[in-house]
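Me: Could you take a close look at how one pair of helices sits together here, and then show me what else is going on around the fold? I'm new to this, so keep it relaxed.

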Amino acid sequence: MSNAKITSSLVSVQWLAENFEAGNLVILDASMKPVTPVGDASSQGGTACIKGARRFDFDNDIREKNTDLPHMMPSAEFFTEEMQKLGINQDSAIVVYDYVGVYSSPRAWWMFRAMGHNQVAVLDGGLPAWKKAGLPCGEQAERESSQRGDFIAHPQAGLFFDSAQVREALTDSNFAVLDARSEGRFKGVEPEPRAGLRGGHMPNSLNLPFANVVVDGFVLPPAQLESVFSKLVKKEQKLIFSCGSGVTACIDALAAELAGYSNLSIYDGSWAEWGLPSSGLPVETN
């Protein structure tokens, strides 16, 4: 079969099924733990992945190890080595999914984009949609490929921001900082899941809970997404997305791209860094 070509950052189960035998297709399971599907595994037939999937574990393995902050983007050299071990090539068409629907997979999508690989997309509906369609499943995603790939990372400037850049952007009308956490966490009236973090939000930031752009594991249609974003930001602004630890921020980034926004970035440290009492960074509560 001829090679697959990805033309959108979001692909359907039907698209993946039609391109399943493509020679350059790589399917990555980017689920966060637990990696088995929600519910009784026995009733799921013991299937925990899409057939032939490889494991992309940014929660534990594919991350910067020399920091206490979770999920931080690793170096280009480390990323290159890990992707080659996964058998990923420079011409690979990559589809990432997770066992929730669309939850952690956009983080993997963004990591590839930040490393210069644009032939990557998120599977809309994730593993639940694939299984519901009765398509081929396996028991466990492979952690390494039998054949080493030739992937080379080419880091792209501006796709990740640090705290100093975000702090500067908060007072610049050319930027908008959007927080994907829940409204309660944003306002500081719900506790943070990570112990020791302050509640609240960055001054001048905007709240766009990721649950507002994903329904039942599927991303809203582009027209609805455009309506959501147009109420908050302007097309010409540079959008910076934050969340608890840089994962659900990528859901909002995916939604923004699908809505027609192109100048996008992720605050990698997110609230795990900003909310630290020792950070000295300004926090507001509603």
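Reply: In this predicted model, helix H7 (residues 222-230) packs against helix H8 (residues 249-258) at an angle of about 110 degrees, and their axes are 8 Å apart. Angles of 65 to 115 degrees count as roughly perpendicular, so that's the word for H7 and H8. On the H7 side, the touching residues are Pro222, Leu225 and Phe229, while H8 brings in Asp252, Ala255, Ala256 and Leu258. Sort the residues of that contact and you get six nonpolar, no polar and one charged.

Now for the sheet. It's an open one with five strands in the order E1-E6-E5-E2-E4, and the pairing is parallel. Strand E1 (10-11) and strand E4 (54-55) are the edges, each pairing on one side only. Between E1 and strand E6 (residues 120-123) there are two bridges, and Leu10 has Val122 as its bridge partner in E6. Helix H3 (residues 105-114) packs on this sheet, touching E2, E5 and E6, and its direction makes about 175 degrees with that of E6.

Charged pairs turn up too: the whole structure has 13 salt bridges. One of them joins the side chains of Arg148 and Glu81, at 2.6 Å from N to O. Those two come from distant parts of the chain, 67 residues apart, with Arg148 in the loop between strands E7 and E8 and Glu81 in helix H2. Arg148 counts as partly exposed because its relative accessibility is 47%, and Glu81 is partly exposed as well, at 34%.

Key:
Residues are numbered from 1 along each chain as its sequence is written. This is a predicted model: local features need pLDDT of at least 70, side-chain atom pairs count only at pLDDT 80 or more; totals for chains, interfaces and linings use all residues. Side-chain values use heavy atoms; hydrogens and water are left out. Axes are lines fitted to C-alpha atoms, for helices over the stretch in contact, and angles run from 0 to 180 degrees between N-to-C directions. Helices (H or I, at least four residues) and strands (E, at least two) are DSSP runs, numbered from the N terminus. Angles under 35 degrees count as roughly parallel, over 145 as roughly antiparallel, 65 to 115 as roughly perpendicular and the rest as oblique. Contact means heavy atoms within 4.5 Å. Ala, Val, Leu, Ile, Met, Phe, Trp, Tyr, Cys and Pro count as nonpolar, Asp, Glu, Lys and Arg as charged, and the others, Gly among them, as polar. Two strands pair if DSSP finds at least two bridges between them. A salt bridge is a side-chain nitrogen of Lys or Arg within 4 Å of a carboxyl oxygen of Asp or Glu. Buried means under 20% relative accessible area, exposed over 50%, partly exposed in between (1.4 Å probe, protein chains only).
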